[in-house]
Amino acid sequence: PSAGALVTGNGLYVSGVSALSYSALNLAGGANYVFGVLPVLNGGNHINQLSLLFFAGITNSSSITFVVGGTLILDRSLLSSSNSKTIKLRVVAETTGPLCSIQLYNLTTAAVVTGSALSTSSADPVTLTTGDLYSNLSSGLAVYQVQMNMGVGNISDRVNLDFAELLVEWS
C-alpha cells in the first residue's frame with residue numbers, strides 16, 4: 001500500500017508461497033483464516049471460572065458426626081476485586097439410604113460457613129451446589145474443610161463424597 005492509503009486494522013500477511021497480501025484478517029473461517037486463541041478484546045473467548053479442588057480426606061463414611069472429606073487453603077484477597085464474582089461449593093455425593101449431609105467448615109475461624117449446607121438421599125451420584133458463599137468466606141487466608149456425615153442408618157450403610165470443589169465464577 002502507498003503512504004496515506006493505510007487502513008487501521010489491516011495487516012500484511014503471507015497469502016501464498018511467494019506472495020504477500022494487505023487486507024483485513026479473515027476471522028470467519030475457510031481458507032487463509034486466523035485460528036488459535038485470540039485475546040478477548042479481539043473477539044476471543046475467555047474462561048470465567050476457576051475450580052479449586054479439595055485435597056481428599058475421608059470420602060466414605062458411616063459416621064453420624066461430621067468427618068473431613070477434604071481440605072483447601074484459600075486466600076480470598078488474592079482474587080481480583082475488579083469483577084463481580086461468586087464462590088460456590090459443588091460436590092458429587094451418594095448414599096446407601098440414610099441422609100448424607102455436607103457442609104463447608106472454616107477451620108481458621110472454627111465455624112460452619114453460612115449457606116454451605118447440602119444434603120442428598122440419592123443412591124446414585126448426584127451433583128449438589130450451594131448458592132453464592134463469597135461474602136461468607138474469610139476475606140484473607142483461611143483453611144476450609146468439606147465435611148460430611150450420615151443420618152441414622154444400619155451398620156452396613158455408607159455415605160460417599162466422590163468430588164468436592166469451590167467454584168469461582170466472575171463476569
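Student: Is Ser 116 buried or exposed, and what is its relative accessible area?

Tutor: In this predicted model, a residue is called buried when its relative accessible area is under 20%. Ser 116 has a value of 1%, so it is buried.

Student: Where is the place of Ser 116 among the elements?

Tutor: Ser 116 belongs to the loop between β9 (111-112) and β10 (118-120).

Student: Which residues does Ser 116 touch, not counting residues up to four places away in sequence?

Tutor: A contact requires heavy atoms within 4.5 Å. With those sequence neighbours set aside, Ser 116 touches Leu 89, Ile 102, Gln 103, Leu 104, Thr 130 and Leu 133. In addition, a polar atom of the Ser 116 side chain lies 2.7 Å from the backbone oxygen of Val 113.

Student: Leu 89 appears in that list. With which residues is Leu 89 in contact, leaving aside its neighbours within four places in sequence?

Tutor: Its partners include Phe 54, Leu 104, Ser 116, Leu 118, Leu 128, Val 146 and Leu 166. Leu 89 also figures in the largest nonpolar core, which has 29 residues. Those with the most contacts inside that core are Phe 54, Leu 89, Val 91, Ile 102, Leu 104 and Leu 166.

Student: Which elements give two or more residues to this core?

Tutor: They are β6, β7 (85-95), β8, β12 and β13 (159-170).

Student: How does one read the pairing of β12 with other strands?

Tutor: One asks which strand lies alongside, in which sense, and over how many bridges. β12 pairs with β6 in the antiparallel sense over eight bridges; within that pairing, Thr 71 stands opposite Gln 145 in β12. Strand β8 (residues 100-106) also pairs with β12 in the antiparallel sense, over seven bridges, and there Ser 101 stands opposite Asn 149 in β12.

Student: Why is strand β12 described as largely enclosed by the rest of the structure?

Tutor: The description follows from a count of buried residues. Strand β12 covers residues 141-150, and eight of its 10 residues are buried, so it is largely enclosed by the rest of the structure.

Student: How does Asp 75 count in terms of relative accessibility?

Tutor: The partly exposed class lies between the 20% and 50% limits. Asp 75, at 21% relative accessibility, therefore counts as partly exposed. Asp 75 lies in strand β6 (residues 67-75). The side chain of Asp 75 makes a polar contact with the side chain of Ser 77 at 2.5 Å.

Student: Which residues does Asp 75 touch beyond four places in sequence?

Tutor: Asp 75 touches Ser 139, Gly 140 and Leu 141. A separate C-alpha to C-alpha value concerns Leu 137, which is 62 residues from Asp 75 in sequence and 9.5 Å from it in space.

Student: What is the sign of phi at Ala 110, and where is this residue found?

Tutor: Phi of Ala 110 is near 55°, a positive value in a residue other than glycine. Ala 110 is found in the loop between β8 and β9. With a relative accessible area of 53%, Ala 110 is exposed.

Student: What does the secondary structure of the protein come to as a whole?

Tutor: There are zero helices and 13 strands. Buried residues make up 32% of the 171 residues. Among contacts between residues at least 6 apart in sequence, 69% join residues at least 24 apart. The accessible surface comes to about 10,100 Å², of which 58% belongs to carbon and sulfur atoms.

Key:
Residues numbered from 1 in each chain as written. Predicted model: local features only at pLDDT ≥ 70, side-chain atom pairs only at ≥ 80, totals over all residues. Heavy atoms only, no water. Helix = DSSP H or I, 4+ residues; strand = E, 2+ residues; numbered from the N terminus. Buried < 20%, exposed > 50% of the residue type's maximum accessible area, 1.4 Å probe, protein only. Polar contact = N/O pair within 3.5 Å; in protein donor to acceptor, adjacent residues only side chain to side chain. Pairing = 2+ DSSP bridges. Core = buried A, V, L, I, M, F, W, Y, C linked by side-chain atoms within 4.5 Å. Areas by Shrake-Rupley, 256 points an atom, 1.4 Å probe, with all protein chains shown as cover.
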